[in-house]
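User: Can you walk me through the empty space and the ligand site in this one? Keep it short.

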Amino acid sequence: MRYLPTHDPAVVDILERELERQRSGLEMIASENFVSLAVLEALGSVLTNKYSEGYPGNRYYGGNEFIDQAESLAIDRAQQLFGAEHVNVQPLSGAPANIAVYSALLQPGDTVLGMDLSHGGHLTHGHPVTWMAKLFNFVRYKTDPATGLIDYDQVRELAKAHRPKLILVGYSAYSREIDYGTFKTIADEVGALTMADIAHIAGLIAAKLMNNPVALFDVVTTTTHKTLRGPRGGMILCREQHAKAIDKAVFPGFQGGPHENNIAAKAVAFKEALEPSFKDYGREVMKNAKALEQAFRAGGITVCFKQTDNHLLLLDVTSVGLSGKQAQDLLDSVGITVNKNMIPDDQRKPMDPSGIRIGTPALTTRGFTEADMIAIGEMIVKVLRSPNNESVQHQARTLVKELTAAHPLYPGLAYS
Ligand SMILES: *Cc1c(COP(=O)(O)O)cnc(C)c1O
């Protein structure tokens, strides 16, 4: 980096420390990833200087001829990736994308049928702490403990009983494939609109490794920074019939000027996701999750929802006598980053729930293999099973050192 070291050493210090943290630890938070240096470069570009309220070809301010090209490129590539009729790449992140869709499709007081939050639903799907929960009436379906799958019969019963305006599909901690066709059938039976929030699995859908709801559903929202491996941001894909309402809801309904440096970085990430190597990446992500599953099962840790069909696992760590917070802290202390998470119908509190969520997208980007994952999974089991054993923790730290050295992150990048 050429300018910051003399301009603002305090910030450079922070960047250096964070870079070292990312390099030296095992990043296993399921929602995180490492963008390419090309994406980072686009994020740090002069496009951040421009106001471009409106949409390509129809802006409030002048001087947007090149900004229009950047945004159109992002839209074209997203359409290619997901087969969408209409795309809005302006949402600043996943949460604002969801709020924009609610405001486009719903009136205050309308009913939304979404997944119970302890079964993998997201905060923006009507958690009581959110403003959305005050505006709309959220009704909840769950997964079936016998199969680990969404209880589609219950979805149908609740849909018939509550006649929702919108049926919401898409989760943050659910590890199974999703049957969008059944949701669509149920929605049609009760005259509901359909929305899929594919924030977590967008990259796996783009790689054509998981079912794609775009052709079936009215609206699909996503983040761009999870498995899709782009800059932090959001996106809405929809049918042409909803295009006007969605665009108006994003701007001027809800947001101001779009972040065009971020949109250019989205375009770069979408180009990467269109390349054949991204499909290989997605395959590795899923194989790596399966390898972890195998290690956890062998170690006697309960895997929620029975198994993983995607990039993440939700583990019930009370099966080894720990709380989610204890497990998170313990793994943190040896250099493995995961997050504590509610498990289905969790009896414990959100700040110290029964589970941890663990995912493979970030480490797979670093080139971690199934053999690495088995070693990591076995070590996690060991650490969790003997929380007071210093020697085990030392072994774990050594493994983390070896593996991070074998798979360097951003080699050559330096901030000072
Ligand atoms: C991560 C996530 C979001 C929110 O994304 P932010 O970018 O953090 O606002 C929304 N929905 C689901 C299902 C998610 O997993």
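Analyst: A definition to start: a cavity here is a set of grid points where a 1.4 Å probe fits but cannot get out. Note that this is a predicted model.

User: OK. How many cavities of 30 Å³ or more does a search of the whole structure find?

Analyst: One. The volume of the largest cavity is about 70 Å³.

User: Which residues are closest to the centre of the largest cavity?

Analyst: Tyr171, Tyr174, Ile178, Ile201 and Asn310. The lining holds 13 residues in total.

User: How does that lining divide by class?

Analyst: Seven residues are nonpolar, four are polar and two are charged.

User: Switching to pockets. How much space lies in the largest pocket?

Analyst: About 720 Å³. The pocket is lined by 33 residues, and Gly121, His122, Leu123, Ser172 and Asn341 are the closest to its centre.

User: Which elements give two or more residues to that lining?

Analyst: Helix α5 and strand β14, residues 339-341.

User: And the classes in the lining of the largest pocket?

Analyst: There are 19 polar residues, ten nonpolar and four charged.

User: Now the ligand. Where does it sit?

Analyst: In the largest pocket.

User: What surrounds the ligand?

Analyst: A shell of 14 residues. Ser93, Ala95, Ser172, Asp197 and Lys226 are the closest. Ser172 is also among the residues closest to the centre of the largest pocket.

User: Which helix gives the largest share of that shell?

Analyst: Helix α5, residues 94-105, with three residues. Helix α5 also contributes to the pocket lining, with two or more residues.

User: How many residues of each class are in the shell?

Analyst: Nine polar, three nonpolar and two charged.

User: Let's get to atoms. What lies 2.5 Å from a nitrogen atom of the ligand?

Analyst: An N or O atom in the side chain of Asp197.

User: And what about the ligand's oxygen atoms: which residues have polar atoms by them?

Analyst: Two to mention. A polar side-chain atom of Lys226 is 2.8 Å from a ligand oxygen. For Gly94, a backbone N or O atom lies 2.9 Å from an oxygen atom of the ligand.

User: How much of the ligand's accessible area does the protein cover?

Analyst: The cover is 86% of the 380 Å² that the ligand has on its own.

User: Good. Give me a one-line recap of the site.

Analyst: The ligand sits in the largest pocket, with 14 residues around it and 86% of its accessible area covered by the protein.

How values were computed
Residues numbered from 1 in each chain as written. Predicted model: local features only at pLDDT ≥ 70, side-chain atom pairs only at ≥ 80, totals over all residues. Heavy atoms only, no water. Near = heavy atom within 4 Å. Polar contact = N/O pair within 3.5 Å; in protein donor to acceptor, adjacent residues only side chain to side chain. Areas by Shrake-Rupley, 256 points an atom, 1.4 Å probe, with all protein chains shown as cover. 1 Å grid on protein atoms, 1.4 Å probe; cavity = no way out; pocket = protein on both sides within 12 Å on 5 of 7 lines; lining within 4 Å. Sits in = over half its atoms within 2 Å of the grid points. Helix = DSSP H or I, 4+ residues; strand = E, 2+ residues; numbered from the N terminus. Nonpolar A, V, L, I, M, F, W, Y, C, P; charged D, E, K, R; others polar. Points joined across faces, edges and corners; volume = space filled by probe spheres on them.
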